[in-house]
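Here are my notes for you, set out as numbered points. Please read them with the structure open beside you.

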Amino acid sequence: MKSIRGLTLVFVLSFLLVPNAHAAHENAVDSAWLVTPVAVDGDITYSNEWSDANSIDIVLGTNYGRSPPFLETKIWVKNDATHIYFLICVKYEYLNYDLRDKAYIYYVIPDESRNIIFSDKTVTGQLGDTYDLFNYDGATWQHDLDGGGANDVEGMGHFDGIFYWFEIKKPLNSQDGIDWALGYGDTYGYADSPIDIDEHLCLGLHDKSEDYDVQAFIQITISPPDVKNIIPVGGTVEAIPEMEIIKPIILRVLVCSAIIILATLLARYIR
Ligand SMILES: [Ca+2]
Ligand SMILES: [Ca+2]
Ligand SMILES: [Ca+2]
């Protein structure tokens, strides 16, 4: 009996300990369906501009997030039917502030031999200078504009003395053939290490004066249309004509009046 219990325990433990091909990503965020439009000006333009987005706290670091300096960062993500929007907030040492510092997100798919078979990079500077890149060879990127594509990135940023703020807007699928094509309900970015052979979604800040990148691997699931914000089939509630409301009131008044008159006549008759 004891040996059967022991075997069962071993079986259960071995089942639980088998590594999952897609274990939960520590920097995973579900993009929210956009309710409030975004003014891409590198700042929270109005109080509820980002209140409808989902957010996640991450830590950026050199060496793909594994080495210092570690920068506390928060990102907000939302999408509508055509675009994905990011708000990135990075806590940053004022002394190293540089107007040339830029935020970026890149998406890379390696094959089994870690050769890059697809790459797309979205970069924004603080003054609204944006770059849409492709064809990463492990060291350099090419501009989409040089590869027959378009620059599909809108972005802007600023430094408020404590935080860098960046807003980025990019099509879910620009259809220029060298950008990511993100689909409703799909998850992107399974890698959490540069040697991982899963697809990489990496968010970072290029620190120009220090000449290094602080980064973190992230994972995003694109929101399908939010049913709460879609008018249901059957349309809106129709206005009721005024007479429909007044009719029963008049009827009640008439009935009450008739009862009072009858009661008065009956009282007189009895007297
Ligand atoms: Ca804004
Ligand atoms: Ca493009
Ligand atoms: Ca691109």
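1. Let's start with the hairpin of strand 6 and strand 7, which has 5 residues between its strands. Please bear in mind throughout that this is a predicted model. Strand 6 covers residues 102–110, and its partner, strand 7, covers residues 116–124. The two run antiparallel, with 8 bridges between them. At the turn end you can pick out Pro110, whose bridge partner in strand 7 is Ile116.

2. Have a look at Arg114 in that turn, where phi is positive, about 65°. Arg114 is not a glycine, and most residues other than glycine have a negative phi. How exposed or buried is Arg114? Arg114 is exposed, because just 11 other C-beta atoms lie within 10 Å, and the cut-off for exposed is 12 or fewer.

3. Strand 6 itself is mostly covered, with 7 of its 9 residues buried. Besides strand 7, strand 6 pairs with strand 13, again in the antiparallel sense, over 7 bridges. To find that pairing on screen, go to Tyr107, which has Leu201 of strand 13 as its bridge partner.

4. Following the chain on from strand 7 brings you to a hairpin with strand 8, also with 5 residues between the strands. Here Gly128 takes a positive phi near 95°. The antiparallel pairing of strand 7 and strand 8 has 5 bridges, and Val123 stands opposite Tyr131 of strand 8.

5. Why is strand 8 described as largely enclosed by the rest of the structure? The reason is that 4 of its 5 residues are buried. Strand 8 also pairs with strand 9 (residues 142–143), antiparallel and over 2 bridges. In that pairing, Phe134 stands opposite Gln142.

6. The loop between strand 13 (200–207) and strand 14 (212–217) is worth a visit, and Glu210 lies in it. Glu210 is partly exposed, because 13 other C-beta atoms are found within 10 Å. Which residue lies 109 positions away from Glu210 in sequence and 9.6 Å away in space, C-alpha to C-alpha? That residue is Asp101.

7. Asp211 sits in that loop between strand 13 and strand 14 too. Asp211 has a positive phi of about 55° without being a glycine. Asp211 counts as exposed, because it has 7 C-beta neighbours inside 10 Å.

8. One peptide bond also deserves your attention: Pro68 and Pro69 are joined in the cis form, with omega about 0°. Pro69 belongs to strand 4. As background, most peptide bonds are trans.

9. Now to the interior. In soluble globular proteins, nonpolar side chains tend to be buried together. The largest nonpolar core here has 49 residues, and those with the most contacts inside it are Ile75, Val77, Phe86, Leu87, Ile88, Val90 and Ile218. Elements giving two or more residues to this core include strand 3 (54–61), strand 4 (67–79), strand 5 (83–91) and strand 11 (163–171), as well as strand 6, strand 8, strand 13 and strand 14. Strand 5 gives the largest share, 7 residues. Setting aside residues up to four places away in sequence, Leu87 touches Trp50, Ala53, Ile75, Trp76 and Glu167.

10. There is also an open sheet of 3 strands, with the order 1-15-12 and mixed pairing. Its edge strands are strand 1 (28–30) and strand 12 (187–188), each pairing on one side only. Strand 1 runs parallel to strand 15 (residues 219–221), and 3 bridges join them. Val29 has Ile220 of strand 15 as its bridge partner.

11. A few overall values to finish. The protein has 3 helices and 15 strands, and 32% of its 271 residues are buried. Of the contacts between residues at least 6 apart in sequence, 57% join residues at least 24 apart.

12. As for confidence, pLDDT averages 87, and 82% of the residues score at least 70. Which stretch stays under 50 in pLDDT? That is residues 9–20, and the model has 0 contacts for them beyond four places in sequence.

Definitions and conventions: Residues numbered from 1 in each chain as written. Chains lettered and ligands numbered in written order. Predicted model: local features only at pLDDT ≥ 70, side-chain atom pairs only at ≥ 80, totals over all residues. Pairing = 2+ DSSP bridges. Buried ≥ 20, exposed ≤ 12 C-beta atoms within 10 Å, placed from the backbone. Contact = placed C-beta atoms within 7 Å. Core = buried A, V, L, I, M, F, W, Y, C linked by C-beta atoms within 7 Å. pLDDT = per-residue confidence, 0-100.
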